[in-house]
Amino acid sequence: MLNQATIEIIKSTVPVLEVHGTAITKRFYEMLFTSHPELLNIFNHANQRQGKQSGALANAVYAAAANIDQLENILPVVKQIAHKHRALGIKPEHYPIVGENLLKAIKDVLGDAATDDIINAWADAYGVIADAFIGVEADMYAQTAAQPGGWDGFRKFVVTRKDQESSAISSFYLKPADGQAIAAFLPGQYITVRATVKGRTNTHLRHYSLSDAPNSDYYRITVKREAGNDAQPAGVVSNYLHDQVHEGDVLEISAPAGDFTLDPAVPSQAPVVLISGGVGLTPTISMLNTLVGKQPERPVTFIHAAIHSGFHALRDHVKDIAEQHPQVTSYVCYESPLAGDTCDHTGYIDLQWLQSVLPEETARTADFYFCGPTPFMKTVLQALKQNGVAADRIHYEFFGPAGSLEA
Ligand code: FAD
């Protein structure tokens, strides 16, 4: 429990965090990896280099500081981060290391402005925030390991099938090497691959949404190759999966996690609108496949945006589902269609087009789930809000550290 003086000091530093938060967390990661290089086995290096991770951590620290006397207000954010921590294998012993380096980074960036009182207040507050995370994560670890087919840490899975879904996207079907049961999951959740890539030090951990309906036999992930160009290097794990992982190979994965979910056990007649851009279709395909099997009474609108047909994964699958299930309507948007491509909309998705395909009744009553590149998600979110969709019916997933779609 923090005393009032500490709470006031923490709250008084919120404006400073708004200004210097990203500089502090950037410095924090530099210090952390210098003093504890073994943590490079857990954190995504590309996210650090691009500043995405520092931004996400700064937002989380900022939210915690602003709500320090009522942390329950940010419980959904804590839970979202805790899911990732559980999937990555973050343990209680990591928290003091993070705390020590965060305080050093605050001191380093703020200099004399970070008085002893401020540093001591932050040390106390960090203890409270860390305990909140450790508590939520302990429950998640216990639940994950205790559920039928569940496991702790990373488990070996055999790639039993690899399918090319588009020029840049492939699916991997994964069955447990031990032949035992696998944990159930909710559509929208992800597993985490721990890759050991030839020629590189450290292990590389990446999350991949499960792209098929839950079943007792296999997990499927569907991965886009992040090709390099003059401005940026090729992605480590996606290229490893595409080039070096073949049928019969073994991958280490942690158990399903994530709070971007559609639970088919919760009875509902409400329409569902699934909107995806590029490889962001993986969780929405899992939701689509689940809905037609488990909640066939719910109307589903499946909207997918791709650059053109060459990048359009699982096109025939969605077309077949829409043909076989009258409650499913599918729309395809191509940014720059190839000659001969057919689609329902050319260019980016915008409010006007969304309004043209979503009847007013659907916009009012449906649950919306979307995923895709950040600019795409910003546009979709803005369009849904402008269309009067209530906040509690809007759900989305970032394929990277969580950021803000509001700017
Ligand atoms: P990384 O090596 O992590 O690089 C990422 C990007 O950064 C690349 O484009 C690379 O070019 C660029 N980069 C690297 N270094 C630099 C640098 N120094 N400067 C500038 N740019 C740089 N992906 C899928 O394909 N399918 C999914 O279903 C999926 N689900 C996800 C679910 C969740 C919850 C999350 C968080 C992510 C998901 N992702 C998914 C994304 C996935 O986790 C990986 O981020 C993605 O595969 C890229 O990983 P990588 O190792 O290939 O690239």
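# A walk around the ligand, the cavities and two odd loops

Select R206 to start: one of its polar side-chain atoms sits 2.7 Å from an oxygen atom of the ligand. Keep in mind as you click around that this is a predicted model.

**The ligand site**

Stay with the ligand and add V236 and V237 to the selection. In V236, a backbone N or O atom lies 2.9 Å from a ligand oxygen. In V237, a polar backbone atom is 2.7 Å from an oxygen atom of the ligand. Now switch on a surface: the ligand on its own would expose 970 Å², and the protein buries 88% of that.

Next, widen the view to the whole shell. You should pick up 26 residues around the ligand, with R206, H207, P233, V237 and S238 the closest. Colour them by class and you get ten nonpolar, ten polar and six charged.

Which elements should you show as cartoon here? Helix 3 (45–49), strand 4 (204–209), strand 5 (219–224) and helix 8 (236–244) each put at least two residues into the shell. Strand 4 has the largest share, with four residues.

**One loop back: N202**

From strand 4, step back to N202, which is in the loop between strand 3 (190–195) and strand 4. Check its backbone: phi is positive, about 70°, although N202 is not a glycine. Is N202 buried or exposed? Neither, quite: N202 is partly exposed, at 24% relative accessible area.

**The second largest pocket**

Now select H83, Q143, Q147, Q189 and P256. Those are the residues nearest the centre of the second largest pocket, out of 13 that line it. The volume of this pocket is about 310 Å³. Helix 5 (75–88), helix 7 and strand 6 (250–257) are the elements giving two or more residues to its lining, and helix 7 supplies the largest share, three residues. Colour this lining by class too: six residues are nonpolar, six polar and one charged.

**The largest cavity**

Keep helix 7 on screen and go looking for enclosed space. Rolling a probe the size of a water molecule over the atoms shows where empty space is left. Searching the whole structure turns up three cavities of 30 Å³ or more. The largest cavity holds about 60 Å³ of space.

To see what surrounds the largest cavity, select T13, V16, L17, I24, I106, L110, I118 and W122. Helix 2 (14–35), helix 6 (94–110) and helix 7 (116–146) each give two or more residues to this lining. Helix 2 gives the most, with three. What does the class colouring show this time? Seven of the lining residues are nonpolar, one is polar and none is charged.

**A second positive phi: L314**

Jump to L314, in the loop between strand 8 (300–306) and helix 10 (315–324). Here is a residue other than glycine with a positive phi, near 60°. L314 counts as buried because its relative accessibility is 8%, under the 20% cut-off.

**Last stop: Q355 and A383**

Finish by selecting Q355, which you will find in helix 11 (residues 351–357). With a relative accessibility of 37%, Q355 is partly exposed. Draw a distance from its C-alpha to that of A383: it comes to 8.7 Å, for two residues that are 28 apart in sequence.

Technical notes
Residues numbered from 1 in each chain as written. Predicted model: local features only at pLDDT ≥ 70, side-chain atom pairs only at ≥ 80, totals over all residues. Heavy atoms only, no water. 1 Å grid on protein atoms, 1.4 Å probe; cavity = no way out; pocket = protein on both sides within 12 Å on 5 of 7 lines; lining within 4 Å. Points joined across faces, edges and corners; volume = space filled by probe spheres on them. Nonpolar A, V, L, I, M, F, W, Y, C, P; charged D, E, K, R; others polar. Near = heavy atom within 4 Å. Polar contact = N/O pair within 3.5 Å; in protein donor to acceptor, adjacent residues only side chain to side chain. Areas by Shrake-Rupley, 256 points an atom, 1.4 Å probe, with all protein chains shown as cover. Buried < 20%, exposed > 50% of the residue type's maximum accessible area, 1.4 Å probe, protein only.
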